[in-house]
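Reader: I am new to this structure and would like to go through it step by step. Could you show it to me before we begin?

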Amino acid sequence: MSNNKFINAVISEEQGDESLPILRGTMGPEAVDIRALYSRYDLLAFDPGFRSTASCKSSITYVDGDKGVLLYRGYPIEELAEKAHYLEVAYLLMFGELPEDDELNVMRESINQYGILHEQVMSFYRGFRRDAHPMAVMVGVVGALSAFYHDHLNIGDRSQRIQAAIRLVAKMPMIAATCYTYNIGRPHRYPVNKLDYSSNFLQMMFGSPAEEYQVDPVLARAMDKILILHADHEQNASTSTVRIAASSGANPFACISTGIASLWGPAHGGANEAVLRMLEEIGDVKNIPKAIARAKDKDDSYRLMGFGHRVYKNFDPRAKVIQKSAKEVLEHLQLDDPLLDIAMRLEEIALEDEYFIERKLYPNVDFYSGILLRAMGFPDSMFTAIFALARTSGWVSHWLELQEDSTHGIDRPRQLYVGKPLRHFPKDR
Ligand code: SDX
């Protein structure tokens, strides 16, 4: 971390150099405040993909990619995954502190109150083909919630903002579970308020109308960890999408549906589904060298799904927790998944390979999550939907934080224009 408060930038020979202020946060890289570059010198900063850009100030999540550190409001992800429950973590992300017992009880009562979907929302599902991908359904259904709350939602009122945020966290389990039950032709189920958040989601997913659902505490705890690990991750693609939509003052339900759309991509939240397809395609440990050779081949677009990260250039701390959870659940269920053996061997071989070492490519959160989710009985198509369920608490926390920042205004990136210069329509045309 430099000791300077300013950085000297040579703007042009005529104008000499200009001091640009350096902004310092609590931790992590400092930032050069470049706003004067455009306002005073008509100069833009060029940073496609925003790899070197701080788009905002945030106090929610801190990621140190070099050290493999992930903190939610200062608490290490490993400690939260081990000791906290998802609703506690959702509260922490939204409000900045772990809840006291009475605060958690109020949150639980709100979740119970808002957890059931409006019966008319259920009719949206019937508009989809039975085999529609759950993420396509979730984008539609969550966006449609805007129509149910748009009129009496004043986002200028903090209490209404918080109510909308909790409504979204409350409704996502039934929205996600109904994507699955609709797909397999089973009647949708409603939340059972005596159950905790994760157990409720599992009973809505796997419960049968013909018998009472028995919660398996090991699976419920594994579900809670999966939700905690995926709850937030700083300014990732989907969270940045939510923030950009939110900056225009759009309805929070519409903003979260933009986050679901962005998360769906295989380079982002869609990777967990793609990892399993990759492992199945490898099929046997003996085929790993071929897969690694393809991943290294510049002429082949093939990549090791679940490997690499925009920010982590070390182990993704979440991957280690998920790997441990996957082993526990497989042992508990007495399942033997050959894909886990392939995944662990693939990790071992890749991490000894110069190509991956040089590029600091390590397993990320998606590398083992598919194995764990499949062991729990989820179909591959639901993996990213579960990621969206978990990430909703992070998305709404960033939405709340942005609404509190009166200096932010609407996001409006510029561009380096490389198109045609001015020209006029041909007279003879
Ligand atoms: C998530 O941002 C977040 O926080 C996301 C997330 C969250 O919680 O929100 O953490 C969740 O999205 C995790 C990432 C899931 N995606 C995947 O697992 C897909 C596979 N990974 C890659 O597509 C890739 O690693 C990215 C997209 C994740 C990151 O890409 P980068 O950092 O932009 O890397 P790059 O494209 O600049 O590549 C750098 C080099 C290149 O080789 P060279 O041109 O230098 O020779 O590394 C290579 C790449 O070809 N590379 C890979 C690779 N990832 C990067 N080579 C093989 N396999 C890979 N997976």
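Author: Before any area is quoted, it helps to know that accessible areas come from the Shrake-Rupley method with a 1.4 Å probe. The model shown here is a predicted one.

Reader: What share of the area that the protein exposes do carbon and sulfur atoms supply?

Author: The exposed area of the protein comes to about 22,100 Å². Of that area, the part supplied by carbon and sulfur atoms is 52%.

Reader: How many helices and strands are there in the protein, and what is its radius of gyration?

Author: The protein holds 18 helices and 6 strands. For 429 residues the globule rule gives 22 Å, and the protein comes close to that value, so it is as compact as a globular protein of that length. Its radius of gyration is 23 Å.

Reader: How many disulfides does a search of the whole structure find, and which cysteine has the sulfur closest to that of Cys56?

Author: A disulfide is a covalent bond between the sulfur atoms of two cysteines. A search of the whole structure finds 0 disulfides. The sulfur of Cys56 lies 14 Å from the closest cysteine sulfur, which is too far for a bond, and that sulfur belongs to Cys255.

Reader: Is Cys179 buried or exposed?

Author: Cys179 is in no disulfide either, as the nearest cysteine sulfur, that of Cys255, is 20 Å away. Buried means under 20% relative accessible area. Cys179 has a relative accessibility of 3%, and therefore it counts as buried.

Terms used
Residues are numbered from 1 along each chain as its sequence is written. This is a predicted model: local features need pLDDT of at least 70, side-chain atom pairs count only at pLDDT 80 or more; totals for chains, interfaces and linings use all residues. Side-chain values use heavy atoms; hydrogens and water are left out. A disulfide is a pair of cysteine sulfur atoms within 2.5 Å. Buried means under 20% relative accessible area, exposed over 50%, partly exposed in between (1.4 Å probe, protein chains only). Helices (H or I, at least four residues) and strands (E, at least two) are DSSP runs, numbered from the N terminus. The radius of gyration is taken over C-alpha atoms; the globule rule is 2.2 Å times the number of residues to the power 0.38.
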